[in-house]
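Work through these two exercises with the predicted model open. Each task is followed by a worked solution.

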Amino acid sequence: MSLAGRGAVITGGGRGIGRAVARALAERGAAVVVSARTTAEIDGVAKELTTAGFEAHAITCDVADEASVRAMAEAAVKRLGTVDILVNNAGIALSNPVKRLPLEEWNRILAVNATGTFLCSRAFLQGMIDRHWGRVINVASVAGLRGSRYIAAYTASKHAQIGFTRALAAEVADRGITVNAICPGYVDTPMTELSVSRIVEKTGVSQEEALERILALSPQHRLIRPEEIAHVAVMLCHKDGEGINGQAIAIDGGSGMH
Ligand code: NAP
């Protein structure tokens, strides 16, 4: 399968899942833009990819800021010509019991994870409609499919992201565009490292015990690799992936089975 001639924007492309998705799409021939707030990280990923012989650019952006998204979208179209694939992957995770959840934390998580997905999708949608081809891939979470303790804001933001996915998928289904969500369980990325550190900090258990608590949530007793998320993103861009629309695809080793 070749994505030659396709332009792809991956938000949160500076590390973790976004970095793996950017590499996988670039390896299939897409020209990519990696975007996030930390310029040094996205520059590093773009350099890694260009050194490997792929077309890659870094554009700094805060997805929660409308003007920043508009500027990023303009710059991305300038660099790539067209943006055919959008991976809404930028996200943040914080935990707190609801009774101690500050409004600022709630608002920020919703702004990045849910509103960011909307702002970026809106910014690239018209181009996809004009060309009658587009793939919007929202990296949500299994937290968007069910509820768990202490992550109410994150859970609400990921449910919103999946709801938006379904609604947009219905809206553009006859325009050659598919919109899907990928819902990972715990993935081996800096975000999960941070979750482990927070468990240690809040409960006083060892690093190993904290990781074990996370692994115990997976029937496969392991973290998902970022490349496994990238694999499904590539599949959704495949011409034979066209029929998959408005779905929330769990990649979690089967934890939703029980
Ligand atoms: P990560 O390692 O922390 O990377 C997150 C990326 O998002 C970074 O590049 C970060 O860069 C960017 N980002 C954060 N806030 C942003 C903002 N306001 N504007 C633009 N970029 C922003 O996390 P990850 O594990 O790869 O997670 C990627 C996505 O997968 C997230 O949506 C997350 O919720 C989801 N997910 C992760 C897991 C997991 O276990 N790791 C599980 C399920 C779902 P800057 O900080 O420089 O902006």
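**Exercise 1. Find which helices supply the lining of the second largest pocket, and describe that lining.**

Solution.

1. Start with the helices. H1 and helix H8 (226-237) each supply at least two residues of the lining.
2. Rank them. H1 gives the largest share, six residues.
3. Locate the residues. The lining includes Gly16, Arg19, Ala20, Arg23, Ala24 and Glu27. Arg28, Glu48, Pro226 and Glu227 also line this pocket.
4. Sort by class. The lining has six charged, three nonpolar and one polar residue.
5. Add the volume. The second largest pocket holds about 160 Å³ of space.

**Exercise 2. Describe how the protein surrounds the ligand, from polar contacts to the whole shell.**

Solution.

1. Look for polar contacts, using a cut-off of 3.5 Å between N or O atoms. A polar backbone atom of Val63 is 3.0 Å from a ligand nitrogen. An N or O atom in the Arg15 side chain is 3.3 Å from a ligand oxygen. A polar side-chain atom of Arg108 is 3.5 Å from a ligand nitrogen.
2. Check the cover. On its own, the ligand has 880 Å² of accessible area, and the protein covers 97% of this.
3. Assign the elements. Helix H1 (16-27), helix H4 (103-131), helix H5 (152-172) and helix H6 (190-203) each give two or more residues to the shell. H6 gives the most, with three.
4. Pick out the nearest residues. Of the 31 around the ligand, these are Arg37, Thr38, Tyr154, Val187 and Thr189.
5. Sort by class. The shell has 15 nonpolar, 11 polar and five charged residues.
6. Assign the domains. Domain 1 (7-185 + 225-241) and domain 2 (186-223) each contribute at least three residues to the shell.

How values were computed
Residues are numbered from 1 along each chain as its sequence is written. This is a predicted model: local features need pLDDT of at least 70, side-chain atom pairs count only at pLDDT 80 or more; totals for chains, interfaces and linings use all residues. Side-chain values use heavy atoms; hydrogens and water are left out. A residue is near a molecule or strand if one of its heavy atoms lies within 4 Å of it. A polar contact is a pair of N or O atoms within 3.5 Å; within protein, one must be able to donate a hydrogen and the other to accept it, and residues adjacent in sequence count only if both atoms are side-chain atoms. Accessible areas come from the Shrake-Rupley method with a 1.4 Å probe; for residues, only the protein chains shown count as cover. Helices (H or I, at least four residues) and strands (E, at least two) are DSSP runs, numbered from the N terminus. Ala, Val, Leu, Ile, Met, Phe, Trp, Tyr, Cys and Pro count as nonpolar, Asp, Glu, Lys and Arg as charged, and the others, Gly among them, as polar. Domain bounds come from an automatic or database domain assignment. On a 1 Å grid over the protein atoms alone, a cavity is a set of points where a 1.4 Å probe fits but cannot get out, and a pocket is an open set with protein on both sides within 12 Å along at least five of seven lines; lining residues have an atom within 4 Å of a point. Grid points are joined across faces, edges and corners, and a volume is the space filled by probe spheres set on the points.
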